[in-house]
Amino acid sequence: MTSYHINPVKIAVVGDVHEQWENEDAIALKQLGVDLVLFVGDFGNESVEIVRRIAALDLPKAAIMGNHDAWYTASDWGRKRCPYDRNKEDWVQEQLDLLGETHLGYGYLDFPQFQLSVVGSRPFSWGGEVWKNQEFYQERYGVNSFGESVERIVAAAQSAAYETIIFLGHNGPTGLGDKAEDPCGRDWQPLGGDHGDPDLAEAIAQTQALGKNVAFVTFGHMHHSLRHTKEQRRKAIVASPEGTVYWNGASVPRIIQTETNRLRNFSLVSLEANGVSQISLVWVGQDYSVVSEQVFYQRPEAVEVQPVYS
Ligand SMILES: [Fe+2]
Ligand SMILES: [Fe+2]
């Protein structure tokens, strides 16, 4: 018997923050009744103060760093623009220290209260099929290739206590489409191509082969608004035949000031009977009411109405 009677776990995915995190965000998450918060990274350009505020959020949570979180450290280009003395300070490490065990790059966290584990992909991902920032990954993680990266991610999944696994990445895996508007599609010239992380795709496949239930994979990095067209938004969801639901939560900007309101967005994901039953994107107003809710996914067998796809 599947356990349909168990209350769904209500997860909020916080898409690329890019400096937009306020005390009101923490209040909004509590008003929404969220059980677990997943941050997909890009807090800012090594924005230690933003990460400090997020680390203080007193809800069950997990996070993974994005490429912007090592903006002045990972590449020669960035180090030339670094605003601090690199011999005296290390803002990447400061961010990691603040998040502590809730940063899941190449790691995992078990959540006994929800009977699931969250496993982190490769942190600080820029995306794409070329192994970038070799020195950075070598120095910080001792990882030298996509192959070694796969091993690290799978090792974390193997160590995780629960059969039901959520993967948390900054960038999504390859295999979700190669059109510009696909969840990890390249929306700059040359237009199109799969910009997903091949190591995450391989790690998911190996974890499934171990018999684990990969219920949900969430990430950001490739923003919903497309660079080459205003006519269309990025496709955010893919549901695989094996029952794994992939969600790009990068609705950027996170916070919008209108003439009469200040709106902040969250992705809300319901997990029940060991799978995703619904995903919606909500905008919360300054009185903490939900101003709009767009349903992107409903599990076909769990509802009587027709499934809704974006
Ligand atoms: Fe971003
Ligand atoms: Fe990013």
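This is a short dialogue on how to read some features of the protein shown above.

Me: What kind of model is this, and how are its residues numbered?
Reply: This is a predicted model, in which local features need pLDDT of at least 70 and side-chain atom pairs count only at pLDDT 80 or more, while totals for chains, interfaces and linings use all residues. Residues are numbered from 1 along each chain as its sequence is written, and chains are lettered from A and ligands numbered from 1 in the order in which they are written.

Me: How many helices and strands are there in the protein?
Reply: Helices (H or I, at least four residues) and strands (E, at least two) are DSSP runs, numbered from the N terminus. The protein has 7 helices and 13 strands.

Me: Which radius of gyration does the protein have, and what would a compact globule have?
Reply: The radius of gyration is taken over C-alpha atoms, and the globule rule is 2.2 Å times the number of residues to the power 0.38. For 310 residues a compact globule would come near 19 Å, and the protein, with 18 Å, agrees with this. Along the principal axes, its C-alpha atoms fill a box of roughly 60 × 50 × 40 Å.

Me: What share of the residues is buried?
Reply: A residue is buried if 20 or more other C-beta atoms, placed from the backbone, lie within 10 Å of its own, exposed if 12 or fewer do, and partly exposed in between. Of the 310 residues in the protein, 44% are buried.

Me: How should I read the packing of helix 2 and helix 4?
Reply: Axes are lines fitted to C-alpha atoms, for helices over the stretch in contact, and angles run from 0 to 180 degrees between N-to-C directions. Angles under 35 degrees count as roughly parallel, over 145 as roughly antiparallel, 65 to 115 as roughly perpendicular and the rest as oblique. Here the axes of helix 2 (residues 48–55) and helix 4 (residues 91–99) come within 9 Å and cross at roughly 5 degrees, and therefore helix 2 is roughly parallel to helix 4.

Me: Which residues of helix 2 and helix 4 meet?
Reply: Two residues are in contact if their C-beta atoms, placed from the backbone, lie within 7 Å. On the side of helix 2 these are V48, V51, R52 and A55, and on the side of helix 4 they are W91, E94, Q95, L98 and L99.

Me: Is helix 6 oblique or parallel to helix 7?
Reply: Helix 6 (residues 146–159) and helix 7 (residues 198–209) have axes 9 Å apart and pack at an angle of about 40 degrees, which means that helix 6 is oblique to helix 7. Among the residues that meet are F146, V150 and I153 in helix 6, and L200, A203 and Q206 in helix 7.

Me: Where are the cis peptide bonds of P190 and P253?
Reply: Most residues other than glycine have a negative phi, and most peptide bonds are trans. A cis bond joins Q189 and P190, with omega about -10 degrees, and P190 lies in the loop between strand 6 (164–168) and helix 7. The bond from V252 to P253 is also cis, with omega near 0 degrees, and P253 is placed in the loop between strand 9 (245–248) and strand 10 (255–257).

Me: What is the phi of H221, and is this residue buried or exposed?
Reply: H221, a residue other than glycine, has a positive phi near 75 degrees, and its place is the loop between strand 7 (213–219) and strand 8 (237–239). H221 is buried, because 28 other C-beta atoms lie within 10 Å.

Me: Where are Y288 and D287 found?
Reply: Y288 is in the loop between strand 12 and strand 13, and D287 lies in the loop between strand 12 (275–284) and strand 13 (290–298). Y288, though not a glycine, has a positive phi of about 70 degrees, and with 14 other C-beta atoms within 10 Å it is partly exposed. D287 has 8 C-beta neighbours inside 10 Å, so D287 counts as exposed.

Me: Which residues is L268 in contact with?
Reply: L268 is found in strand 11 (residues 262–272). Neighbours within four places in sequence are left aside, and L268 is then in contact with K10, A12, L32, S280 and V282. From L268 to S280 the C-alpha distance is 5.3 Å, although they are 12 residues apart in sequence.
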